[in-house]
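Colleague: Please take a close look at the salt bridges in this model. I would like the partners, the distances and the exposure.

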Amino acid sequence: FPCHKIRNFSIIAHIDHGKSTLADRLLEMTGTIKTDSRSVNQQVLDKLKVERERGITVKAQTASMFYQQNELRFLLNLIDTPGHVDFSWEVSRSLAACQGALLLVDASRGVQAQSLSVFHAARERGLTIIPILNKVDLSTAQPDRVKAQMHSIFGIDPTDVLHISAKTGEGISGVLRAIVERIPPPSGEITGRLKAFLFDSSYDRYRGVISLVSIQDGVLRKGDKIASCHTRKKYEITELGIMHPEEVPTAQLLPGQVGYIACNMRQSSEAHIGDTLHRVGDAVEPMPGFQPAKAMVFAGIYPLESSDFPNLEESIKRLTLTDRSVAVQRESSVALGQGYRLGFLGSLHMDVFRQRLEDEYDANIVVTAPTVPYKVVYKDRTVMVSNPTDFPDVVDTSAHVCEVQEPIVKASIIVPEEYLGEMMVLCFEHRAEDVDHQYLETSGEGSNRAMLTCTLPLSEIVAHFFDKLKSRSSGFASFDYDDAGYKQSSLVKMMFLLNNKPVDALALIVHRSAEQRTGRVWVKKLHKVIPRQLFEVPIQAVVGKRVIARETLSALRADVTAGLYGGHYERKMKHLENQKEAKRKLKRIGRVDLPQEAFFDILSTR
Ligand code: GTP
């Protein structure tokens, strides 16, 4: 396939606007997959179980298809992108391999927060954008109104917008025509020095790392000796081909083509996303690489039963082979024993990983409260802290800590105007600043939609923000955010003491304005969950030396057999046995015995 007969494109859309359904239709229409071989709702490109359960695409998948137009045969490479705010890193790396993007907007729901962010990502990369209205079959579709929004927000000419229903198949042939006619072909020199751009990788037990590449210049064949610009390591191509949509081996990959390669790469850490591969011996200029994925939400993960640690370790290793964006570090806690501290792109990413881990590992895990990476500025250095236990007990210059900074984000929320007030309240409850809003439409029937923008501390949105946003807007609000750097903040470390001993796994970093509320809520919760002991146990929330909240757990009667009068020996022995069994599973903290389940209860109800 010469370059001028190739088109490389992505589908970009807000979550649920029908990306996977459209991808399926395109694959069907081009005969790449057969319609009757699958049930209607099972999307081939969504591979993970959790993706199917949640109806979201987590990992970008790529497929090539052949399309015949007026005697000419084209090779269309679809690079699927994930549709959630946490995965904008994957979106941007997928876009780097494309020349065009199909911007899909749901004709009944209109432009949403992520439509904006994906549009801007594609625009920044200079891609040709084909605007498409999907779901025109719905009776609630308002094509003219949504086109007016697209015009006012993106400057898109309404006559360029295609109308389709990915569900019924209406308009899909027009999409294929537009791909060929509007998106420019890739440029590349077949005689040039080999340059292959690595944009995704996965792991196969037998063949090692499988990388997805787009060929910029030159030809890649089986047996070729290649090297990485980034690591300088050398490999030999053992297999290569296209994704159609499964792997189909081919003799070679030409400029403009997108395909997979297997070489003798054993470690997935060797496949650097954004790396340039070249022929051994050739000097080439690497293509501008990428920032590595930045973990923004951290949590400790521990087995419920300490003896299960090796299993947990094995499962985490296996899962991170297929999800390279998870940052992994061993950690141990006095209360919870051996575990891991994992870093995620965002809170959905964390939930997805956690679910995959639970499926894979088949046992309960304890996940500590999520935290974001803080910057602690000492007189002579700045330290990143992503574990509350490493946070200084007091922040003041006498303790050599000048200040602490927290990550903030620029957030945008799109809602029908009647919810604007409620959304503002929600943002203010979460320490919003620079709150502003604008209306996206100026006329039309029914309610107008408004866009609210503000800055928010990242820590405020990692826990329940999204759920609150959805429930307080009856599901109508859409939300997106972007990194906005760090800002000085008044943060404190809150410890919880049981019988005057701190429990490390429960440490929290909270804003000073929330310390009273958080302290009281937590102490109450602990009081409910911790089993009574043989003596009275004070439960306290402290910040530095100040006690913020306190509850007291009253003492239990000592002898479990005390109530069994009559001297029935066997019965008495059985009780003592039971007590011994229960004791084995207890964690002892400051003379207080805590079952690991208590942590599970406390942390899972956060
Ligand atoms: P993520 O993978 O989560 O990003 O979502 P997506 O954008 O891929 O959306 P998906 O294709 O999963 O579609 C979301 C829902 O919309 C599914 O229930 C589809 O069946 C439905 N849907 C997609 N296209 C159409 C359409 O043209 N008409 C109607 N009525 N429903 C559609």
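Modeller: The salt bridges come in turn below, followed by a short look at the core.

This is a predicted model, where local features need pLDDT of at least 70, side-chain atom pairs count only at pLDDT 80 or more, and totals for chains, interfaces and linings use all residues. Residues are numbered from 1 along each chain as its sequence is written, and side-chain values use heavy atoms, with hydrogens and water left out.

The structure holds 21 salt bridges (a side-chain nitrogen of Lys or Arg within 4 Å of a carboxyl oxygen of Asp or Glu). One of them pairs R207 with E247. Their closest N and O atoms are 2.8 Å apart. This pair links distant parts of the chain, 40 residues apart. R207 sits in the loop between strand 7 (195–204) and strand 8 (208–217), and E247 belongs to strand 12 (residues 247–249). Helices (H or I, at least four residues) and strands (E, at least two) are DSSP runs, numbered from the N terminus. R207 has a relative accessible area of 26% and is partly exposed. E247 is also partly exposed, at 29%. On this scale buried means under 20% relative accessible area, exposed over 50%, and partly exposed in between (1.4 Å probe, protein chains only).

R354 and E358 form another salt bridge, with 3.8 Å between the closest N and O atoms. Both lie in helix 8 (residues 347–361). They are 4 residues apart, about one turn of the helix. R354 is partly exposed at 25%, and E358 is partly exposed at 28%.

K524 and E551 meet through their side chains at 3.9 Å, N to O. K524 is in helix 12 (residues 515–529) and E551 in strand 30 (residues 546–553), so this salt bridge ties together parts 27 residues apart in sequence. E551 has 22% relative accessibility and counts as partly exposed. Salt bridges that share partners also build a network: D204, R207, E239 and E247 are joined in one.

Now the core. The largest nonpolar core has 49 residues, and I413 and F465 have the most contacts inside it. Such a core is a set of buried Ala, Val, Leu, Ile, Met, Phe, Trp, Tyr and Cys residues joined through side-chain atoms within 4.5 Å. Strand 22 (residues 401–416) supplies the largest share, 6 residues. Beyond its neighbours within four places in sequence, I413 is in contact (heavy atoms within 4.5 Å) with residues including M423, L452, F465 and F479.
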